[in-house]
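Let's go through this model by asking how each label is earned. Have the structure open as you read.

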Amino acid sequence: MKILLTGGAGFIGSHVAEAFLGQGHAVTIVDDLSSGRPENAPAGAELAVMDIASPQAAELMASGGFDVLCHHAAQISVPFSVEDPQADARVNILGLLNLLEAGRRGGLRRVIFISSGGAVYGEIPDAPADEQRPALPLSPYAVSKLCGETYLAYYAANFGLEALTLRYANVYGPRQTPHGEAGVVAIFMNAIAAGRPPAIYRHPETPRGMERDYVYVADCAQANVLALSAPPGVYNIATGLATTTLDLWLAVRRAAQSDLGHSFGPARAGDLRRSVLDAAKAASILGWRPERDLAAGLAETWAWRRALEAGA
Ligand SMILES: NC(=O)c1ccc[n+]([C@@H]2O[C@H](COP(=O)([O-])OP(=O)(O)OC[C@H]3O[C@@H](n4cnc5c(N)ncnc54)[C@H](O)[C@@H]3O)[C@@H](O)[C@H]2O)c1
(Lines give C-alpha, C1' and ligand atoms only; values in the text may rest on other atoms or scores of the structure.)
Protein backbone atom coordinates (compact mmCIF):
# COMPACT_ATOMS: atom_id res chain seq x y z
CA MET A 1 0.00 0.00 0.00
CA LYS A 2 1.00 3.62 -0.46
CA ILE A 3 0.81 5.32 2.94
CA LEU A 4 1.07 8.98 3.93
CA LEU A 5 2.25 8.95 7.54
CA THR A 6 2.18 12.27 9.38
CA GLY A 7 4.39 12.75 12.43
CA GLY A 8 6.71 9.95 11.30
CA ALA A 9 9.82 11.81 12.52
CA GLY A 10 8.38 11.81 16.06
CA PHE A 11 8.48 9.24 18.83
CA ILE A 12 5.55 6.92 18.04
CA GLY A 13 5.28 7.74 14.32
CA SER A 14 8.86 6.65 13.66
CA HIS A 15 8.12 3.19 15.08
CA VAL A 16 4.97 3.01 12.96
CA ALA A 17 7.03 3.94 9.87
CA GLU A 18 9.43 1.08 10.60
CA ALA A 19 6.56 -1.37 11.08
CA PHE A 20 4.88 -0.33 7.79
CA LEU A 21 8.17 -0.58 5.87
CA GLY A 22 8.76 -4.00 7.46
CA GLN A 23 5.49 -5.15 5.84
CA GLY A 24 6.63 -3.91 2.42
CA HIS A 25 4.48 -0.77 2.25
CA ALA A 26 5.65 2.48 0.62
CA VAL A 27 5.79 5.24 3.26
CA THR A 28 5.90 9.00 2.78
CA ILE A 29 6.34 10.93 6.01
CA VAL A 30 5.00 14.47 6.44
CA ASP A 31 6.54 16.16 9.47
CA ASP A 32 7.45 19.79 10.18
CA LEU A 33 10.15 18.69 12.67
CA SER A 34 8.65 20.94 15.35
CA SER A 35 9.36 18.20 17.88
CA GLY A 36 10.42 15.34 15.59
CA ARG A 37 13.95 14.71 14.33
CA PRO A 38 14.94 13.81 10.78
CA GLU A 39 17.15 10.96 12.06
CA ASN A 40 14.05 9.31 13.59
CA ALA A 41 12.56 8.81 10.12
CA PRO A 42 13.69 5.39 8.86
CA ALA A 43 15.91 5.33 5.77
CA GLY A 44 13.35 3.51 3.62
CA ALA A 45 10.73 6.25 4.02
CA GLU A 46 10.52 9.50 2.09
CA LEU A 47 10.52 12.55 4.37
CA ALA A 48 8.60 15.66 3.27
CA VAL A 49 9.30 18.47 5.75
CA MET A 50 6.08 20.49 5.82
CA ASP A 51 3.26 21.64 8.08
CA ILE A 52 0.13 19.46 7.88
CA ALA A 53 -1.95 22.65 7.75
CA SER A 54 -0.08 24.01 4.68
CA PRO A 55 -1.16 24.14 1.02
CA GLN A 56 1.94 22.03 0.20
CA ALA A 57 0.70 19.20 2.44
CA ALA A 58 -2.76 19.40 0.83
CA GLU A 59 -1.17 19.25 -2.62
CA LEU A 60 0.91 16.19 -1.69
CA MET A 61 -2.14 14.45 -0.17
CA ALA A 62 -4.33 15.23 -3.19
CA SER A 63 -1.85 14.25 -5.90
CA GLY A 64 0.26 11.51 -4.29
CA GLY A 65 -2.09 8.59 -5.01
CA PHE A 66 -2.12 7.44 -1.36
CA ASP A 67 -4.30 4.55 -0.21
CA VAL A 68 -4.02 5.33 3.50
CA LEU A 69 -3.45 8.37 5.69
CA CYS A 70 -2.00 7.40 9.07
CA HIS A 71 -2.22 10.57 11.14
CA HIS A 72 0.19 10.88 14.07
CA ALA A 73 1.27 14.54 13.70
CA ALA A 74 -0.19 16.68 16.46
CA GLN A 75 0.30 19.36 19.02
CA ILE A 76 0.67 16.92 21.94
CA SER A 77 1.07 19.10 25.03
CA VAL A 78 -1.96 19.37 27.32
CA PRO A 79 -0.59 22.42 29.23
CA PHE A 80 0.23 24.18 25.93
CA SER A 81 -3.32 23.52 24.71
CA VAL A 82 -4.63 25.25 27.85
CA GLU A 83 -2.30 28.23 27.30
CA ASP A 84 -3.09 28.58 23.60
CA PRO A 85 -6.20 26.63 22.53
CA GLN A 86 -6.21 28.31 19.11
CA ALA A 87 -2.68 27.14 18.29
CA ASP A 88 -3.69 23.63 19.40
CA ALA A 89 -6.79 23.73 17.17
CA ARG A 90 -4.81 25.06 14.20
CA VAL A 91 -2.68 21.91 14.13
CA ASN A 92 -5.00 19.28 15.60
CA ILE A 93 -8.25 20.34 13.92
CA LEU A 94 -7.44 22.52 10.90
CA GLY A 95 -4.34 20.45 10.02
CA LEU A 96 -6.41 17.27 9.98
CA LEU A 97 -9.18 18.93 7.95
CA ASN A 98 -6.63 20.17 5.42
CA LEU A 99 -5.53 16.58 4.83
CA LEU A 100 -9.03 15.06 4.83
CA GLU A 101 -10.34 17.56 2.27
CA ALA A 102 -7.31 16.98 0.04
CA GLY A 103 -7.58 13.22 0.54
CA ARG A 104 -11.20 13.28 -0.55
CA ARG A 105 -10.15 14.94 -3.80
CA GLY A 106 -7.22 12.53 -4.21
CA GLY A 107 -9.20 9.29 -3.82
CA LEU A 108 -7.95 8.44 -0.32
CA ARG A 109 -9.50 5.15 0.86
CA ARG A 110 -8.67 4.84 4.57
CA VAL A 111 -7.64 7.02 7.51
CA ILE A 112 -6.03 5.78 10.72
CA PHE A 113 -6.45 8.65 13.18
CA ILE A 114 -4.48 8.70 16.41
CA SER A 115 -6.49 9.87 19.38
CA SER A 116 -5.79 9.73 23.09
CA GLY A 117 -7.65 7.50 25.52
CA GLY A 118 -5.71 9.23 28.29
CA ALA A 119 -7.40 12.49 27.28
CA VAL A 120 -10.84 11.92 25.77
CA TYR A 121 -12.40 9.91 28.64
CA GLY A 122 -11.30 12.29 31.41
CA GLU A 123 -11.06 10.85 34.91
CA ILE A 124 -11.64 7.05 35.03
CA PRO A 125 -12.14 6.27 38.71
CA ASP A 126 -13.42 2.70 38.39
CA ALA A 127 -13.18 -0.17 35.89
CA PRO A 128 -11.03 0.37 32.76
CA ALA A 129 -12.93 2.51 30.21
CA ASP A 130 -14.15 0.80 27.06
CA GLU A 131 -15.04 2.65 23.85
CA GLN A 132 -18.70 2.97 24.91
CA ARG A 133 -17.79 5.21 27.82
CA PRO A 134 -19.02 8.78 27.20
CA ALA A 135 -16.18 11.15 26.40
CA LEU A 136 -15.42 13.89 28.91
CA PRO A 137 -12.68 16.09 27.46
CA LEU A 138 -11.04 18.20 30.18
CA SER A 139 -8.51 20.14 28.07
CA PRO A 140 -8.43 21.83 24.66
CA TYR A 141 -6.09 18.99 23.57
CA ALA A 142 -8.77 16.42 24.48
CA VAL A 143 -11.42 18.52 22.71
CA SER A 144 -9.29 18.72 19.55
CA LYS A 145 -8.70 14.94 19.53
CA LEU A 146 -12.42 14.27 19.98
CA CYS A 147 -13.20 16.82 17.27
CA GLY A 148 -10.83 14.95 14.92
CA GLU A 149 -12.68 11.71 15.64
CA THR A 150 -15.99 13.42 14.89
CA TYR A 151 -14.74 14.83 11.58
CA LEU A 152 -13.58 11.33 10.67
CA ALA A 153 -17.10 10.01 11.32
CA TYR A 154 -18.49 12.77 9.06
CA TYR A 155 -16.14 11.85 6.18
CA ALA A 156 -16.94 8.16 6.67
CA ALA A 157 -20.71 8.75 6.58
CA ASN A 158 -20.71 11.18 3.64
CA PHE A 159 -17.80 10.14 1.45
CA GLY A 160 -17.32 6.45 2.25
CA LEU A 161 -13.89 6.97 3.81
CA GLU A 162 -12.84 3.95 5.93
CA ALA A 163 -12.16 5.55 9.30
CA LEU A 164 -10.25 3.94 12.15
CA THR A 165 -9.45 5.74 15.38
CA LEU A 166 -6.81 4.33 17.71
CA ARG A 167 -7.09 5.76 21.21
CA TYR A 168 -3.69 5.16 22.76
CA ALA A 169 -3.18 4.95 26.51
CA ASN A 170 0.16 6.33 27.82
CA VAL A 171 2.81 5.24 25.34
CA TYR A 172 6.47 4.80 26.31
CA GLY A 173 9.61 3.40 24.71
CA PRO A 174 12.76 4.28 22.73
CA ARG A 175 12.99 7.77 21.16
CA GLN A 176 10.51 9.29 23.60
CA THR A 177 11.34 12.77 24.83
CA PRO A 178 10.32 13.89 28.34
CA HIS A 179 7.58 16.13 26.90
CA GLY A 180 4.71 13.83 25.86
CA GLU A 181 1.77 12.50 27.84
CA ALA A 182 3.74 9.54 29.17
CA GLY A 183 7.05 11.38 29.08
CA VAL A 184 7.42 10.38 32.72
CA VAL A 185 9.36 7.24 31.70
CA ALA A 186 11.88 9.41 29.85
CA ILE A 187 11.96 11.83 32.81
CA PHE A 188 12.71 9.00 35.24
CA MET A 189 15.43 7.55 32.99
CA ASN A 190 16.99 11.04 32.63
CA ALA A 191 16.93 11.36 36.43
CA ILE A 192 18.80 8.08 36.85
CA ALA A 193 21.35 9.01 34.18
CA ALA A 194 21.94 12.37 35.93
CA GLY A 195 21.86 10.88 39.47
CA ARG A 196 19.16 13.42 40.44
CA PRO A 197 16.24 12.00 42.50
CA PRO A 198 12.93 12.72 40.71
CA ALA A 199 9.75 14.07 42.32
CA ILE A 200 6.67 11.84 42.34
CA TYR A 201 3.55 13.99 42.07
CA ARG A 202 0.53 12.89 44.07
CA HIS A 203 -2.87 14.01 45.31
CA PRO A 204 -3.66 13.60 49.03
CA GLU A 205 -5.93 10.66 48.15
CA THR A 206 -3.37 9.01 45.83
CA PRO A 207 -0.35 8.45 48.11
CA ARG A 208 1.50 6.39 45.48
CA GLY A 209 0.84 8.96 42.75
CA MET A 210 -1.50 8.91 39.78
CA GLU A 211 -2.56 5.66 38.09
CA ARG A 212 -1.91 5.24 34.38
CA ASP A 213 -2.03 2.54 31.72
CA TYR A 214 1.44 2.27 30.12
CA VAL A 215 1.61 0.66 26.69
CA TYR A 216 4.85 -0.08 24.83
CA VAL A 217 5.50 1.79 21.58
CA ALA A 218 6.26 -1.30 19.45
CA ASP A 219 2.87 -2.71 20.46
CA CYS A 220 1.23 0.51 19.28
CA ALA A 221 3.10 0.24 15.98
CA GLN A 222 1.72 -3.29 15.54
CA ALA A 223 -1.83 -1.96 16.13
CA ASN A 224 -1.29 0.40 13.17
CA VAL A 225 -0.22 -2.51 10.95
CA LEU A 226 -3.41 -4.38 11.87
CA ALA A 227 -5.45 -1.20 11.34
CA LEU A 228 -4.43 -1.15 7.65
CA SER A 229 -6.89 -3.96 6.96
CA ALA A 230 -9.22 -4.11 9.99
CA PRO A 231 -12.91 -3.09 10.08
CA PRO A 232 -13.42 0.66 10.64
CA GLY A 233 -14.21 1.82 14.17
CA VAL A 234 -12.78 3.23 17.37
CA TYR A 235 -10.30 1.08 19.30
CA ASN A 236 -8.54 1.56 22.63
CA ILE A 237 -4.88 0.53 22.46
CA ALA A 238 -3.88 -0.18 26.04
CA THR A 239 -2.99 -2.87 28.58
CA GLY A 240 -5.96 -2.50 30.97
CA LEU A 241 -3.46 -2.41 33.86
CA ALA A 242 -3.14 0.49 36.31
CA THR A 243 0.36 1.46 37.46
CA THR A 244 0.93 4.20 40.04
CA THR A 245 3.71 6.74 39.44
CA LEU A 246 5.61 5.34 42.43
CA ASP A 247 5.36 1.78 41.10
CA LEU A 248 6.48 3.00 37.67
CA TRP A 249 9.49 4.69 39.28
CA LEU A 250 10.38 1.48 41.14
CA ALA A 251 10.05 -0.50 37.88
CA VAL A 252 12.30 1.98 36.02
CA ARG A 253 14.85 1.67 38.83
CA ARG A 254 14.78 -2.13 38.51
CA ALA A 255 15.24 -1.93 34.73
CA ALA A 256 18.23 0.38 35.23
CA GLN A 257 19.52 -1.49 38.31
CA SER A 258 19.55 1.79 40.21
CA ASP A 259 18.93 2.56 43.88
CA LEU A 260 18.46 6.32 43.40
CA GLY A 261 16.03 7.93 45.87
CA HIS A 262 12.95 10.06 45.13
CA SER A 263 10.88 12.80 46.70
CA PHE A 264 7.15 13.54 46.60
CA GLY A 265 5.47 16.69 45.32
CA PRO A 266 1.87 17.94 44.96
CA ALA A 267 -0.05 16.93 41.83
CA ARG A 268 -0.20 19.66 39.19
CA ALA A 269 -3.48 21.34 38.27
CA GLY A 270 -5.40 19.17 35.84
CA ASP A 271 -3.49 15.93 36.55
CA LEU A 272 -6.01 13.08 36.24
CA ARG A 273 -5.97 10.75 39.23
CA ARG A 274 -6.65 7.59 37.26
CA SER A 275 -6.77 6.61 33.58
CA VAL A 276 -6.97 2.95 32.55
CA LEU A 277 -8.45 1.62 29.30
CA ASP A 278 -10.14 -1.62 28.28
CA ALA A 279 -8.68 -2.93 25.00
CA ALA A 280 -10.94 -6.00 24.65
CA LYS A 281 -12.39 -4.63 21.39
CA ALA A 282 -8.93 -4.31 19.82
CA ALA A 283 -8.23 -7.90 20.92
CA SER A 284 -11.42 -9.35 19.45
CA ILE A 285 -11.67 -7.31 16.21
CA LEU A 286 -8.09 -6.26 15.36
CA GLY A 287 -6.54 -9.39 16.88
CA TRP A 288 -4.24 -7.03 18.81
CA ARG A 289 -2.72 -7.69 22.21
CA PRO A 290 0.13 -5.94 23.99
CA GLU A 291 3.16 -8.24 23.78
CA ARG A 292 5.51 -6.48 26.23
CA ASP A 293 4.65 -6.14 29.90
CA LEU A 294 6.00 -3.11 31.74
CA ALA A 295 9.22 -4.83 32.90
CA ALA A 296 10.08 -6.00 29.37
CA GLY A 297 9.23 -2.65 27.78
CA LEU A 298 11.25 -0.68 30.33
CA ALA A 299 14.22 -3.06 29.91
CA GLU A 300 14.15 -2.51 26.11
CA THR A 301 13.86 1.25 26.59
CA TRP A 302 16.77 1.38 29.04
CA ALA A 303 18.90 -0.81 26.72
CA TRP A 304 18.16 1.59 23.83
CA ARG A 305 19.21 4.53 25.98
CA ARG A 306 22.44 2.86 27.04
CA ALA A 307 23.29 1.98 23.42
CA LEU A 308 22.66 5.60 22.40
CA GLU A 309 24.91 6.91 25.16
CA ALA A 310 27.61 4.44 24.12
CA GLY A 311 27.33 5.79 20.58
CA ALA A 312 26.14 2.47 19.14
N1 LIG B 1 2.89 9.74 23.73
C2 LIG B 1 1.73 9.33 24.21
O3 LIG B 1 1.65 8.77 25.29
C4 LIG B 1 0.45 9.49 23.40
C5 LIG B 1 -0.75 9.05 23.97
C6 LIG B 1 -1.94 9.20 23.23
C7 LIG B 1 -1.90 9.74 21.98
N8 LIG B 1 -0.73 10.19 21.45
C9 LIG B 1 -0.74 10.77 20.09
O10 LIG B 1 0.22 10.08 19.31
C11 LIG B 1 0.70 10.95 18.28
C12 LIG B 1 2.23 10.96 18.30
O13 LIG B 1 2.68 11.48 19.55
P14 LIG B 1 4.19 11.36 20.07
O15 LIG B 1 4.13 11.09 21.52
O16 LIG B 1 4.94 10.44 19.17
O17 LIG B 1 4.67 12.87 19.91
P18 LIG B 1 5.85 13.51 19.02
O19 LIG B 1 5.87 14.96 19.38
O20 LIG B 1 7.10 12.74 19.18
O21 LIG B 1 5.31 13.31 17.55
C22 LIG B 1 4.50 14.25 16.88
C23 LIG B 1 5.15 14.54 15.55
O24 LIG B 1 4.30 15.42 14.81
C25 LIG B 1 5.10 16.44 14.23
N26 LIG B 1 4.27 17.63 14.08
C27 LIG B 1 3.72 18.40 15.05
N28 LIG B 1 3.01 19.41 14.51
C29 LIG B 1 3.10 19.26 13.15
C30 LIG B 1 2.58 19.99 12.05
N31 LIG B 1 1.83 21.09 12.21
N32 LIG B 1 2.87 19.56 10.79
C33 LIG B 1 3.64 18.45 10.60
N34 LIG B 1 4.16 17.73 11.62
C35 LIG B 1 3.89 18.13 12.88
C36 LIG B 1 6.25 16.66 15.20
O37 LIG B 1 7.40 17.25 14.61
C38 LIG B 1 6.52 15.23 15.67
O39 LIG B 1 7.46 14.59 14.85
C40 LIG B 1 0.06 12.32 18.56
O41 LIG B 1 -1.07 12.43 17.75
C42 LIG B 1 -0.34 12.22 20.02
O43 LIG B 1 -1.42 13.09 20.31
C44 LIG B 1 0.46 10.08 22.13
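Q: What makes the shell around the ligand 16 nonpolar, 9 polar and 5 charged residues?
A: Ala, Val, Leu, Ile, Met, Phe, Trp, Tyr, Cys and Pro count as nonpolar, Asp, Glu, Lys and Arg as charged, and the others, Gly among them, as polar. Sorted that way, the shell has 16 nonpolar, 9 polar and 5 charged residues. Bear in mind that this is a predicted model, where local features need pLDDT of at least 70, side-chain atom pairs count only at pLDDT 80 or more, and totals for chains, interfaces and linings use all residues. Residues are numbered from 1 along each chain as its sequence is written, and side-chain values use heavy atoms, with hydrogens and water left out.

Q: Why is the pair formed by tyrosine 141 and the ligand called a polar contact?
A: A polar contact is a pair of N or O atoms within 3.5 Å. A side-chain N or O atom of tyrosine 141 is 2.6 Å from an oxygen atom of the ligand, so the pair meets that cut-off. A polar backbone atom of phenylalanine 11 is 2.8 Å from a ligand oxygen, and for a backbone N or O atom of isoleucine 52 the distance to a ligand nitrogen is 2.9 Å.

Q: How do you know that leucine 286 is in contact with Leu166?
A: Contact means heavy atoms within 4.5 Å. Leaving aside neighbours within four places in sequence, leucine 286 is in contact with residues including Leu166, Leu226 and Ile237.

Key
A polar contact is a pair of N or O atoms within 3.5 Å; within protein, one must be able to donate a hydrogen and the other to accept it, and residues adjacent in sequence count only if both atoms are side-chain atoms.
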